[in-house]
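Colleague: I am new to this structure and would like a close look at a single part of it. Please take me through that part step by step.

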Amino acid sequence: MEETVRSPERLAGALAVPGDKSVSHRSLILNAMANGSATVTGISDGADVRSTAACLRAMGVSIEPLDGPGNFLVSGLGPNLQEPADMLDAGNSGTSMRLLSGLLAGQDFLSVLTGDGSLRTRPMGRIVQPLQQMGASIMGRSGDTLAPLAIRGGSLRSIEYEMPVASAQVKSCLMLAGLSAAGPTVLHQPALSRDHTERMMTAMGARVETDELALTLHPAELQAVDVAVPGDISSAAFWMVAGLIHPNARVTITGVGLNPSRAGIIDALQMMGAGDSLLLENERVEGGEPVADVVATSANLKGIELGGEIIPIMIDELPVLAVAACFAEGETIIRDAAELRVKESDRIATTVSELTRLGGKLEPRDDGMVIHGVGSLAGADVESHGDHRLAMSMAVAGLAASGDTVIHSAEDASVSYPAFWEHLASLTGEQ
């Protein structure tokens, strides 16, 4: 599928981006094991979240659709989840497998967690080993390190555990198990990771204490809480940049999640001089998560140097930031981002090559890139390279480039943002 993008006279409108996937998983799992019922709105429609919902339904949890896309009523069973009659299939979702393993470790029945061929090759030893220390019986292939995992849970003891890696999935797994442990679970992290679980558990009545990199969770029965899943900031970033670089724009993205462990793109754009052209309105807290409407209007940006601690909290937004840098005054240097090499594409190589086709002046580096602001781009044929974020970044570039930008394999955008092209058309007035 090809999509042709051209710069409209005005780029304007309001839209809501897909729900945050991490929060979607947790809103289902935590409400499933809570007392009472909760309305969860805006859940991601991705396959990974559907896998989590299917596993929970197999344990007797009622997850009923309500009016509106992504809206569900979750009726929690508290500590009374039911033994599944068949294997639980996590599909391709590592989040589903790791978080559900923590939940199942505290259940007094036998369960078997499996997934597709890819998921069955991913390492699970880093959750199995501490769960075994807590008293869960877990067996898996390759020395209990690979799925399928057979889990017989039940009475768990508390542990104090040194986490070898900073991982929100491992941390969340152990916290889910710790809710039913005999005493406090203490986790020592080597660095901070996403804190969605801490926030939501606290909102549901759990006692979570943090002291720098140490986290202590006290056993608790959760109380169901309604959750409005915030919009995914990685998806919102495309419209933020589009609004800033188009010469006549006002774009509002409603209900964007602004968790500090995810919001590096806001800081980076402010460093580039977005100022009052990037505003947060209607700031609130929903389900323990900070949320706001983001309004982006035309701005004059300047080049910056970006590296260090901000990179991990905006790694997925770097391709579209490179688009913004092409329109900025001066030079932008991105470093400490070698992880871009092993994403859906080599995002350093592909971002440089495709923006160069549009007239950008970029230099790849082993751990990032240098973007020389040229102030304008010209339409051309570009490729997505099988990468959803690259496809959408090229579309954003096309919204401010002269002439037609033709994106090949544009359907790749649907991996994370099925309505992307529809939303683009609404902002350009072509819908």
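Modeller: Strand S6 (residues 88-89) and strand S7 (residues 110-114) pair in the parallel sense, over two bridges. The model is a predicted one. Within this pairing, Leu 88 stands opposite Leu 113 in S7. Between the two strands the chain passes through helix H3 (residues 94-105), and this β-α-β crossover from S6 to S7 is right-handed. S7 also has strand S9 (residues 146-152) as a partner: four bridges join S7 to S9, and the two run antiparallel. Leu 113 appears here again, opposite Leu 149 in S9. Leu 113 therefore has Leu 88 opposite it in one pairing and Leu 149 opposite it in the other. In general, the side chains of a regular strand alternate between the two faces of the sheet.

From the strands, turn to helix H8. Helix H8 covers residues 233-245, 13 residues in all. From its first C-alpha to its last it reaches 18 Å, close to the 18 Å expected at 1.5 Å a residue. Of its 13 residues, 13 are buried, so H8 is largely enclosed by the rest of the structure.

Two residues of H8 take part in aromatic pairs, and the structure holds five such pairs. The rings of Phe 238 and Phe 420 have centres 6.3 Å apart and planes at 75°, so this pair is edge-to-face. Because Phe 238 lies in helix H8 and Phe 420 in helix H13 (residues 420-428), the pair ties together parts that are 182 residues apart in sequence. Phe 238 is buried, with a relative accessible area of 2%, and Phe 420 is buried as well, at 0%.

The next residue along H8 brings in another pair. The rings of Trp 239 and Tyr 417 have centres 6.3 Å apart, and their planes meet at 85°, so this pair too is edge-to-face. Trp 239 lies in H8, while Tyr 417 sits in the loop between strand S23 (405-408) and H13, so the pair ties together parts 178 residues apart in sequence. Trp 239 is buried, with a relative accessible area of 0%. Tyr 417 counts as buried too, because its relative accessibility is 1% and the cut-off is under 20%.

These contacts belong to one group: ring pairs link Phe 238, Trp 239, Tyr 417, Phe 420 and Trp 421 into a cluster.

Notes:
Residues numbered from 1 in each chain as written. Predicted model: local features only at pLDDT ≥ 70, side-chain atom pairs only at ≥ 80, totals over all residues. Heavy atoms only, no water. Expected span 1.5 Å × (residues − 1). Buried < 20%, exposed > 50% of the residue type's maximum accessible area, 1.4 Å probe, protein only. Phe/Tyr/Trp six-rings, centres within 6.5 Å; stacked < 30°, edge-to-face > 60°. Pairing = 2+ DSSP bridges. Right-handed = clockwise from strand over helix to strand, strands pointing away.
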